[in-house]
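Please open the model in your viewer and keep the sequence panel beside it. The tour below moves from the whole chain to single residues and then to a pocket.

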Amino acid sequence: NESAKVVELGGSESVQNRFKELGIFPGTTVSCFAKAILGGPLMVTCRGSKIALRSQIAQHVVVENAAA
């Protein structure tokens, strides 16, 4: 599992609102535990929930290594 801290959320206002609905905010730690091939969704854990994010949406999340 790769853990990272969310630094910034990009995308349109509706995309940013969706992240907030899912509990993904700057400062939140997320962990990627599965990645589909050929641009499929990423499976992440955030605040104890498992979330599938389309790669087109996930690209709007700016993260840094959680150990940083």
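What follows is a sequence of selections, each with a short account of what is found there.

**The whole chain**

Begin with everything displayed as a cartoon, and bear in mind throughout that this is a predicted model. Colouring by secondary structure should bring out 2 helices and 5 strands, which, when the chain is read along its sequence, are arranged in the pattern β-α-β-β-β-α-β. If you switch to a C-alpha trace and orient the view along the principal axes, the C-alpha atoms fill a box of roughly 30 × 30 × 20 Å. The radius of gyration is 11 Å, which agrees with the value near 11 Å that a compact globule of 68 residues would have.

Next, turn on the surface. The protein exposes about 4,500 Å², and carbon and sulfur atoms supply 51% of that area, while 28% of the 68 residues count as buried. How much of the contact network joins residues at least 24 apart, among contacts between residues at least 6 apart in sequence? The share is 48%.

**Two loops with positive phi**

Hide the surface and select Leu38, which is placed in the loop between strand 2 and strand 3. Although Leu38 is not a glycine, its phi is positive, at about 60°. Is Leu38 buried or exposed? With a relative accessibility of 85%, Leu38 counts as exposed, because the cut-off for that class is over 50%.

Move on to Arg47, in the loop between strand 3 and strand 4 (49-53). Arg47 is likewise a residue other than glycine with a positive phi, here near 55°, and at 58% relative accessibility Arg47 counts as exposed.

**Ser31 in strand 2**

Now select Ser31, which belongs to strand 2, and show its surroundings as sticks. Ser31 has 9% relative accessibility and therefore counts as buried. Leaving aside residues up to four places away in sequence, Ser31 touches Asn1, Glu2 and Ser3, and also Met43, Val44 and Thr45.

**Leu42 in strand 3**

Select Leu42, a residue of strand 3. At 19% relative accessibility Leu42 counts as buried, since the class takes in values under 20%. When residues up to four places away in sequence are not counted, Leu42 touches Cys32, Ala34, Lys35, Ile51, Ala52, Leu53 and Ala58. A distance label drawn from the C-alpha of Leu42 to that of Arg54 should read 6.4 Å, for two residues that are 12 apart in sequence.

**The largest pocket**

Keep Leu42 selected for the last stop, and ask how much space lies in the largest pocket. The answer is about 330 Å³. Of the 15 residues lining this pocket, those closest to its centre are Val30, Cys32, Leu42, Val44 and Val63, and selecting these five is a convenient way to centre the view.

Then colour the lining by element: two or more residues each come from strand 1 (2-9), strand 2 (29-35), strand 3 (42-46), helix 2 (55-58) and strand 5 (61-65). Which element gives the largest share of the lining? Strand 2 does, with 4 residues. Recolouring by residue class shows a lining that divides into 10 nonpolar, 3 polar and 2 charged residues.

Key
Residues numbered from 1 in each chain as written. Predicted model: local features only at pLDDT ≥ 70, side-chain atom pairs only at ≥ 80, totals over all residues. Heavy atoms only, no water. 1 Å grid on protein atoms, 1.4 Å probe; cavity = no way out; pocket = protein on both sides within 12 Å on 5 of 7 lines; lining within 4 Å. Points joined across faces, edges and corners; volume = space filled by probe spheres on them. Nonpolar A, V, L, I, M, F, W, Y, C, P; charged D, E, K, R; others polar. Rg over C-alpha atoms; globule rule 2.2 N^0.38 Å. Buried < 20%, exposed > 50% of the residue type's maximum accessible area, 1.4 Å probe, protein only. Contact = heavy atoms within 4.5 Å. Areas by Shrake-Rupley, 256 points an atom, 1.4 Å probe, with all protein chains shown as cover.
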